Amino acid sequence: MMNKFWIAAIALAVVGAGGAWLIAAPEGQDGVLPYRDATVVADGKELYVAQCAACHGLRLQGEPNWRERDGEGYLPAPPHDESGHTWHHPDEQLIAITALGTEKVVGNGYRSRMPGFGDTLSPDEIVAVLAYIKSTWPREIQQRHDMMNAPAS
């Protein structure tokens, strides 16, 4: 079992990898996710279908009643479309959740069935999946998410 030191170290490494994407973000786009890059988005869609759609749905719709805990105390998989809360989180947090799993990122005994994919997907593949998800949001939501990711000036 990993102790908190190693969890923190992995989280910092994931955020650092995301930071490299931030530096290389396309002109006019704030954040790490290259959601306007058709090649990355296409790769991300394939990975999403293979790794994520079983829980989050082919149309990113999530599971029914995703805001209500089940009998074991777990929340169903949320939607990743604009009706969900994915776009409420900055890129680095989304990358960390995807790589490490929700329980490890949230901590404090939070329970989630969302596993970490850091051993299954490379950092570039995680970014591609998240870029695909973001590419499906309405432009207004993309812009709001970009503002959340904008560097403080």
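1. Starting with the packing: the largest nonpolar core has 26 residues, and Tyr 48, Val 129, Leu 130 and Ile 133 are the ones with the most contacts inside it. H2, H4 and H6 are the elements that give two or more residues to this core. The top contributor is H6, with eight residues. Keep in mind throughout that this is a predicted model.

2. Take Val 129 as a way into that core. Which residues does Val 129 touch once its neighbours within four places in sequence are set aside? The list is Gly 44, Leu 47, Tyr 48, Cys 52 and Leu 121. Tyr 48 turns up here as a partner of Val 129, and Tyr 48 is also among the residues with the most contacts inside the core.

3. On the overall layout, the secondary structure comes to seven helices and zero strands, so to speak a plain α-α-α-α-α-α-α when read along the sequence. Of the 153 residues in the protein, 39% are buried. For contacts with a separation of 6 or more, 55% come from residues 24 or more positions apart.

4. H4 deserves its own paragraph. Nine of the 10 residues of H4 are buried, so this helix is largely enclosed by the rest of the structure. The buried set is Asp 91, Glu 92, Leu 94, Ile 95, Ala 96, Ile 97, Thr 98, Ala 99 and Leu 100. Note that Asp 91 and Glu 92 are in that set. Right after H4 comes Gly 101, with a positive phi near 95 degrees.

5. Now the pocket. The largest pocket holds about 730 Å³ of space. Its lining runs to 32 residues, and His 56, Pro 78, Thr 102, Ser 112 and Met 114 lie nearest its centre. Helices H2 (38-51), H3 (53-56), H4 (91-100), H5 (102-106) and H6 (123-135) are the elements that give two or more residues to the lining.

6. Which helix gives the most to that lining? H4 does, with four residues. H4 is also one of the elements that give two or more residues to the nonpolar core, as are H2 and H6. By class, the pocket lining has 20 nonpolar, 10 polar and two charged residues. If you plan to look at the pocket, those are the numbers to have at hand.

7. Salt bridges next; the count comes to four. Arg 113 takes part in a pair with Asp 70, where the closest N and O atoms are 2.7 Å apart. That pair links distant parts of the chain, with Asp 70 in the loop between H3 and H4 and Arg 113 in the loop between H5 and H6, 43 residues apart. Arg 113 also forms a salt bridge with Glu 72, with closest N and O atoms 3.0 Å apart. Here too the pair links distant parts of the chain: Glu 72 is in the loop between H3 and H4, 41 residues from Arg 113.

8. Are the residues around Arg 113 buried or exposed? Arg 113 is partly exposed, with a relative accessible area of 46%, and Asp 70 is partly exposed too, at 31%. Glu 72, at 52% relative accessibility, counts as exposed because the cut-off is over 50%.

9. The Lys 134 and Asp 146 pair has another setting. Their side chains meet in a salt bridge at 2.6 Å, N to O. Lys 134 lies in helix H6 and Asp 146 in helix H7 (residues 139-149), so the pair ties together parts that are 12 residues apart in sequence. Lys 134 is buried, with a relative accessible area of 0%, and Asp 146 is buried as well, at 7%. Arg 36 joins these two in a network of salt bridges.

10. Last, two backbone spots to check by eye. Leu 60 has a positive phi, near 65 degrees, in a residue other than glycine. Asn 65 also has a positive phi, near 55 degrees, and is likewise a residue other than glycine. Leu 60 sits in the loop between H3 and H4, and the place of Asn 65 is in the loop between H3 and H4 as well. How do they stand for burial: is each buried or exposed? Leu 60 is buried, with a relative accessible area of 4%, whereas Asn 65 is exposed, at 52%.

Definitions and conventions
Residues are numbered from 1 along each chain as its sequence is written. This is a predicted model: local features need pLDDT of at least 70, side-chain atom pairs count only at pLDDT 80 or more; totals for chains, interfaces and linings use all residues. Side-chain values use heavy atoms; hydrogens and water are left out. On a 1 Å grid over the protein atoms alone, a cavity is a set of points where a 1.4 Å probe fits but cannot get out, and a pocket is an open set with protein on both sides within 12 Å along at least five of seven lines; lining residues have an atom within 4 Å of a point. Grid points are joined across faces, edges and corners, and a volume is the space filled by probe spheres set on the points. Ala, Val, Leu, Ile, Met, Phe, Trp, Tyr, Cys and Pro count as nonpolar, Asp, Glu, Lys and Arg as charged, and the others, Gly among them, as polar. A nonpolar core is a set of buried Ala, Val, Leu, Ile, Met, Phe, Trp, Tyr and Cys residues joined through side-chain atoms within 4.5 Å. Buried means under 20% relative accessible area, exposed over 50%, partly exposed in between (1.4 Å probe, protein chains only). Contact means heavy atoms within 4.5 Å.
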